[in-house]
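Hi,

Here is the structure I promised to send over. Have a look at it first, and then read on for what turned up when I went through it.

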Amino acid sequence: MGALRFIREGLSGRRGLYFAIISVLMIAAPLIFWKLDMPFAANAMLLCLMFSIMAMAWNLLEGYTGQLSFGHAVFFGVGAYTTMILMLYYGITPWVGIFAGGLVAALVGLALGVPLFRLKSHWFALATIAVGEIFKLIFISWDYVGGSAGLQSPIVPESQKLYYLQYAGSYVYVYLALGFLGLELLVMYPLVRSRIGYYLQAIREDEDAAMSLGINPFKYKMVAMFFSALFTGIGGGIYTVRFRFVDPFAVFDLISVSVYITIAGILGGIYSFVGPIVGSFVFVPISEYVRVYVVSRFPRFYGLHVFVLGAILLIISLLAPEGIMGWLEKKGLLGGGEEER
Amino acid sequence: MVGLDYVANAVVSGILIGSVYSLVGMGLALIWGIMDVINFAQGDFMMIGSFVTYWAFTLAGVDPLLSIPLSFLVTFALGVLTQRVVIERVLDAPMVSQITATFALLLMIRYGAEAAFGPYTRRISVPYADVIFRIGSVSLQLPRLVAFIVSLGVALAFYVFLKTTYTGVALRAVSQNRMAAYLMGINVRKMYWLAFGLGVGISAVGGTLVATFLPIYPEMGGFYALIAFIVVVFGGFGSVFGAYISGIIIGVTESVSALFISPSLKDVVAFLLFILIILVKPAGLFGTEQR
């Protein structure tokens, strides 16, 4: 199996050790938070993991393929709504619904890819913003999905909490998100290390040159779109089971979904495989801290948390456009000069 | 059935509001055309113009029309500063850094204003707000009429500036070929300061005009930026004159279509139109691979 070989290679040497240490810490953290009764930390960790899943998915399109999307809220929202509707209207467990949400999002991604991939550079970015707004407006006026009021998870008896995945606090959901992040790594790492990953990078560097070497850019952009939308949709499903309430203003929001995903990816470094995860774990705690400790205490300053994010994004864009991982690599702090692309 | 009177009224009010859209679009088109930078924060610089006018009126009782130069100058200065501190550094950077830099400006201006002023909607109640002229069955609100006249004046003055003055010609030269203009002794860097300052300043005049008859709020830039983008792609990329005409067309389309379809659907149509235009409009749009 090719995929297994790539994973074995990826985990060889020091990288494997780092991976093992971080995995153990991640698995232990929710238990510690639970023992010490730190719901805020658990919730922040859940958000970090959700944004890791989505930023990594987003980065398959931007970092690897060079297609800057500001419309990932579409896939997030479609995934969230699919999971919710299957659970609420058909009584289907989110264990299935989250995967279904990812799949529906991926199909939406393929459908959108047909017209959108005819556009280049900033036209693509502009069009994805417009698509995001269209989805929000459609869901607002679509009665089946609850219109502007949104949908709420059913209240279920204690005995069915595993079936409906309803637990108090974020602790259990952290493990759910960890599981999906693990799944994503298992899918994405072999993908970007395979021939397809190099095709995508060739398309990013020079589409015409890639074409002249026999790579069909449209085909491989669609492949990237499929996996990108799939895992972003799964992120939406996790949102649904954790927050139990889905409304178009929250899940299709340009700033707090699409742009946040973008910031997480760019902050971590778009030319690094693990960059988006690093970015999420830096960006989400800052955002959550400002939002919960400053804005909630002084509601007068609502908006300050987004201002801070804007400042972070500006600093990164100006001073370190290669992101944290790119910067570390440049300083030689990643050791061994391992090619992480 | 919608009566003819309603249609006539909608067309007139569409032209009037469209002239404000034109100003925002013109600013975006100017920056885009000269520097090949998409300023995502364009609508938010316009919002700054609105708020300068609001505070001048509320704190010092300055009539909104008299605050036009103030609003222009404040925003112009902020624009030059932005160009020096931010845009200059990303001019030759990859597309993604350019987009994220102006997007960061958007977040900082919009939510900085929200944190400073609160998310509330504000209105300026000028004494002549309710003066209405009637021509046949068409009624004209004075502030909207004034906005139209001022916008037309600003656009004409700007057109004359670009066509006849040395600086205007130099600006256009820089937009055509940066290197050639540089070799002709034009200070490209200063031209870029000027371009960004003028671009956001013109939009801020639009912000001032809009504040005389529509509510203003820190997040208003989102709506007007969208309109500005539609205006620019519709009017032809980088064309300042085209932006003025297409702003008025967009304004009329918007207010006439409001008679027939529901508001939320109307926006869906606007977004679809936007995607359609950039998809089908041939070379010059997709053909131009930037760098």
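Below are my notes, starting with how the chains meet and ending with a couple of odd backbone spots. Please keep in mind that this is a predicted model.

**Where the chains meet**

Chain A puts 36 residues in contact with 37 residues of chain B. On the chain A side, three helices each supply at least two of the residues that touch chain B: α6 (121–140), α13 (254–268) and α15 (304–319). The largest share comes from α6(A), with 12 residues. By class, the chain A side of the contact splits into 25 nonpolar, six polar and five charged residues.

**Helix α9 of chain B**

This helix covers residues 221–235 of chain B, and its length checks out: 15 residues at 1.5 Å each should span 21 Å, and the end C-alpha atoms are 20 Å apart. Is it enclosed or open? With 12 of its 15 residues buried, α9(B) is largely enclosed by the rest of the structure. Among the buried ones are B:Y224, B:I227, B:F229, B:I230 and B:F234. What do they pack against? Within chain B, the partners are α1 (4–35), α2 (42–60), α4 (95–117), α10 (240–260) and α11 (263–280), and α6 of chain A joins them from across the interface.

**α2 and α4 of chain B**

Two of those partners also pack on each other. The axes of α2(B) and α4(B) are 9 Å apart, at an angle of about 30°. Since that angle is under 35 degrees, the two helices count as roughly parallel. From α2(B) come B:D44, B:M47, B:I48 and B:F51, which meet B:L106, B:I109, B:R110, B:A113 and B:F117 of α4(B). Seven of the residues in this contact are nonpolar, two are charged and none is polar.

α4(B) also has the length you would expect, because its 23 residues should span 33 Å and its end C-alpha atoms are 33 Å apart. It is largely enclosed too, as 19 of the 23 residues of α4(B) are buried. Right after α4(B) comes B:G118, with a positive phi near 85°.

**The nonpolar core**

The largest nonpolar core has 202 residues, and A:I53, A:A177 and B:A195 have the most contacts inside it. Helix α3 (residues 39–64) of chain A gives the most to this core, 18 residues. Setting aside neighbours within four places in sequence, A:A177 is in contact with A:L46, A:L49, A:M50, A:I53 and A:I238.

**A buried serine**

B:S71 sits in helix α3 (residues 68–90) of chain B. It counts as buried because it has 27 C-beta neighbours inside 10 Å, where 20 or more is the cut-off. Leaving out residues up to four places away in sequence, B:S71 touches B:G49, B:V52, B:T53, B:A204, B:V205, B:G207 and B:T208.

**Two positive phi values**

Most residues other than glycine have a negative phi, which is why I looked at these two. A:D37 has a phi near 55° and lies in the loop between α2 (13–35) and α3 of chain A. With 9 other C-beta atoms within 10 Å, A:D37 is exposed. A:R244 has a phi near 60° and is placed in the loop between α11 (217–243) and β2 (245–246) of chain A. A:R244 is partly exposed, with 17 other C-beta atoms within 10 Å.

Cheers

Methods
Residues are numbered from 1 along each chain as its sequence is written. Chains are lettered from A and ligands numbered from 1 in the order in which they are written. This is a predicted model: local features need pLDDT of at least 70, side-chain atom pairs count only at pLDDT 80 or more; totals for chains, interfaces and linings use all residues. Two residues are in contact if their C-beta atoms, placed from the backbone, lie within 7 Å. Helices (H or I, at least four residues) and strands (E, at least two) are DSSP runs, numbered from the N terminus. Ala, Val, Leu, Ile, Met, Phe, Trp, Tyr, Cys and Pro count as nonpolar, Asp, Glu, Lys and Arg as charged, and the others, Gly among them, as polar. The expected span of a helix is 1.5 Å times one less than its number of residues. Axes are lines fitted to C-alpha atoms, for helices over the stretch in contact, and angles run from 0 to 180 degrees between N-to-C directions. Angles under 35 degrees count as roughly parallel, over 145 as roughly antiparallel, 65 to 115 as roughly perpendicular and the rest as oblique. A nonpolar core is a set of buried Ala, Val, Leu, Ile, Met, Phe, Trp, Tyr and Cys residues joined through C-beta atoms within 7 Å.
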